[in-house]
Amino acid sequence: RPEAIMIPKVESAEQVDWVHRQTDLPLLLMIETAKGLINLKEIAAAPGAAAVCFGADDYTASVGGTRTRDGLNLLYARSAISAHAAAFDLQAIDTPFVNLHANAETWWRDETRAIVKLGYSGKLAIHPKQIAPIIEAFRPAPEEVECARRLVQAHDKHQAQGAGAFAFEGRMVDMPVIRAARNVLARAGITTFPKV
C-alpha cells in the first residue's frame, strides 16, 4: 500500500476533491501550471491535501518562460507555494532537478539551499545521487543549531521573568525570531532540550 498519492498538474480544488473521494491516502498536489498557481488558495484548502509540490519545468513552459541559473524566474511561484503551504499547515516540496550532468551539481545544490530559505520542507529527487545532498541542504549547520539553541534558552529565561522582546547578541528578539529558531532546531531533529 502506498503512503501517499501524488496528483500531477493540479489546477482546481475539484480535481483534488475527486481523488480524495476515491482514497483515504494523503495527497501530494503538484502545481505545474499558471492556472494551478492562481488557484493555490482553493487547492491548498482541499480535503486530503498533505503537501503542495512545485513542478518548475512544466510551470515554466506553462507561462512561456525559460529556466535560469539564478532561479529568479521561479521566485514568485516558489514563494506563493511556500506561503500557501504554511497557511494551510501543509508541506511545501520543491521541484526535482532534472539536469543530471556533473557540471550541474553545484546548480542543484545551490537551488536546494535557496528553497530551504523560502520555507520548503522537502525537494523531489529523480536520481539517488541527489538524495544525500538534499538531506544535507535541509540539515542546519552545527553553528546555526547552537545559535538557535542559545536563543530559545534565552527566550525561555526572559519569559520566566515576565519579559517579552529582549536583546540577544546585539539584536532585538521577538516571537517571529523565536519561531525561526525553533524551526532550525526542528530541522536538526531537536524538539526538546534542557532549559536554563
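## Pairing in the Sheet

Leu28 stands opposite Ala51, a residue of strand 3. This pair offers a starting point for a description of the structure, which is a predicted model. Strand 2, residues 27-31, and strand 3, residues 49-54, are paired in the parallel sense, and five bridges connect them. Strand 2 also pairs with strand 1: the two run parallel and are joined by three bridges. Here Ile5 has Leu27 of strand 2 as its bridge partner.

These strands belong to an open sheet of five strands, arranged in the order 1-2-3-4-5 with parallel pairing. The edges are occupied by strand 1 (5-7) and strand 5; each has a single partner strand, so one side of each is left without a neighbour in the sheet. Strand 2 is largely enclosed by the rest of the structure, because four of its five residues are buried. In a regular strand, the side chains alternate between the two faces of the sheet.

## Helix 7 and Its Neighbours

Which residues of helix 7 are buried? In this helix, which spans residues 131-138, they are Pro133, Ile134, Ala137 and Phe138. They cover an arc of only 135° around the axis, and therefore lie on the same side of helix 7.

The buried residues of helix 7 pack against three elements of secondary structure: helix 6, strand 5 (122-123) and helix 9 (175-187). Strand 5, one of these packing partners, is also one of the two edge strands of the open sheet.

## A Nonpolar Patch on the Surface

Val98, Leu100 and Ile126 together make a nonpolar surface patch of about 240 Å². Val98 is located in the loop that lies between strand 4 (91-94) and helix 6 (105-117). Is Val98 buried or exposed? Its relative accessible area is 48%, so Val98 counts as partly exposed. A residue needs over 30% relative accessible area to belong to a patch, and the value of 48% for Val98 satisfies this requirement.

## The Protein as a Whole

The secondary structure of the protein consists of nine helices and seven strands. Along the principal axes, its C-alpha atoms fill a box of roughly 55 × 45 × 35 Å.

The protein has 196 residues, of which 39% count as buried. Its exposed area is about 11,000 Å², and carbon and sulfur atoms supply 56% of that area. Among contacts in the protein with a separation of 6 or more, 56% are between residues 24 or more positions apart.

Methods:
Residues numbered from 1 in each chain as written. Predicted model: local features only at pLDDT ≥ 70, side-chain atom pairs only at ≥ 80, totals over all residues. Heavy atoms only, no water. Patch = residues over 30% accessible without salt bridge, like charges linked within 9 Å, V, L, I, M, F, W, Y side chains within 5 Å. Areas by Shrake-Rupley, 256 points an atom, 1.4 Å probe, with all protein chains shown as cover. Salt bridge = Lys/Arg side-chain N within 4 Å of Asp/Glu carboxyl O. Buried < 20%, exposed > 50% of the residue type's maximum accessible area, 1.4 Å probe, protein only. Arc of directions from axis to C-beta. Contact = heavy atoms within 4.5 Å. Pairing = 2+ DSSP bridges.
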